[in-house]
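Me: I want to understand how aromatic rings get their labels. Take me through the reasons, please.

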Amino acid sequence: MTTAAAPGSGLLERIVTPTGGQPIHDPATGEFIGHAPTASAADLDTAVAAAQAAQKSWAATPDAERSALLHKAADAVEAHAEELAQLLSREQGKPLNGPNARFEVGACAAWLRANADFPIEPEVVIDDGETYAEVRYQPLGVVGAIGPWNWPMMISVWQLAPSLRMGNTVVIKPSEYTPLSVLALVEVLNSALPADVLIPVCGGGELGDQLTRHPDIAKIMFTGSTSTGKAIIKAASDTMKRMTMELGGNDAGIVLDDVDPAAIAEGLFWGAFINTGQTCAALKRLYVPRSIYREVCDALVGVAEAMPMGVGLEEDNVLGPLQNAAQRDIVARLVDSARNAGATILTGGEHDAEAPGYFYPITLVADIDPDNPLVTEEQFGPALPIIAYDDLEQAIEWANSLDAGLGSSVWSADRARALDVAARLEAGTTWINKHGAVDPRMPFGGAKESGFGLEFGVAGLKEVAQPHVVTY
């Protein structure tokens, strides 16, 4: 294993394999992009061994130097931001503009810089004149990072930046749906990093299972579905790996009766439909008081019908396709279940399965029962059920009724009322008058079956380190 060559033009050409790998196509057009390399079990062993060999010297590198190298890596991302965004748009489908591809690449640089700068010092827990005790944070070793296809670059940085800052090395396996984006990102990052501290391996679920079970992997960081997360937890248990699991969400939003529907409509829209709804912590079910129900529905329809959807490389678009056919079929099935149960499709709800790309229109569904599958199952796409409620207690009960608990939101003109409702919601994060607004300084993690462990901030650094109590 060696450090990648300095990136420049032709980044895509350097990361694809000529033949024999996995073919990758643009989900908006069907255009062939290139073959992604696929790693064997032997390749994985080689990668882990190289990362393990590099880890001791990386851990011995002064913290200030590791931080400086993360800043250098962020500089490299910014220098190649447009090339990375273009590839991301082609492979994942998200448009260049809006909170999409260029935004995601920018977030990679921002998270690298934030993790480089968080202070992490020994914590004195007792110093009473008789006993002194402090907690130090030491590297774990080699971290195995398994990423998703919805935000492939950004979530990879969420995993690798704190791991590297704390002196770990990383073997990263991107989703088999979006490997080229992550390979390109790693190519750029490795132009600034020492050899073998960050090594990519590409493959499907079998390779992920081998990475999870590998005896020389100290920790697994996974972002993806709850079902896959449960399988990873079981597989990792034999070797007592540390884990951070950011799993599926079915985030509830509760609107209170004191809002101006027109004023919150755009915030609700982007809370639900950022990345065309393909976000774990997106707003996926919206509870609205009956007294303003029609006004909220009408305001959302107005915003939805003004948002252009299409091929990501076309500058005017802000919404794209579903990344893959399987996910589009899930959204279509759930919308059909709502329609067949008598719900009202306010906009969208139909797609042409024969047309190029995995497009599904923004779909707003009203007059829907709270136990309809579109409400109780995670749709992970551009369909939002809007449920009317008559009693706030009932809305809170419905919001808390599912096993998922990643994010939630409360929408109100009264901060005190909003805080009161927020305190009663069962979720890792509750936003007020916004939804899904993550911040590298703010700890983020799930409740219930949406996972465990924290990312971001100093709390995130501690999650990729071994606490070591020293006392005398």
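Me: How many aromatic pairs are there, and what makes two rings a pair?
Reply: Rings of Phe, Tyr and Trp (its six-membered ring) pair if their centres lie within 6.5 Å. The count by this rule is 12 aromatic pairs. The model is predicted: local features need pLDDT of at least 70, side-chain atom pairs count only at pLDDT 80 or more, and totals for chains, interfaces and linings use all residues. Residues are numbered from 1 along each chain as its sequence is written, and side-chain values use heavy atoms, with hydrogens and water left out.

Me: Why is the pair W111 and W158 called tilted?
Reply: Planes under 30 degrees apart count as stacked, over 60 as edge-to-face and the rest as tilted. The planes of W111 and W158 stand at 40°, so this pair is tilted. Their centres are 5.6 Å apart.

Me: What makes this a link between distant parts of the chain?
Reply: W111 sits in helix α5 and W158 in helix α6, 47 residues apart. Helices here are DSSP runs (H or I, at least four residues), numbered from the N terminus.

Me: Why is the pair W158 and F456 called edge-to-face?
Reply: Their planes are at 75°, so the pair is edge-to-face. The ring centres lie 4.7 Å apart.

Me: How do you know whether W158 is buried or exposed?
Reply: Buried means under 20% relative accessible area, exposed over 50%, partly exposed in between (1.4 Å probe, protein chains only). W158 has 6% relative accessibility, so W158 counts as buried. F456, at 5%, counts as buried too.

Me: Which residues form one aromatic cluster with W158?
Reply: W111, F444 and F456 form one cluster with W158.

How values were computed: Helices (H or I, at least four residues) and strands (E, at least two) are DSSP runs, numbered from the N terminus.
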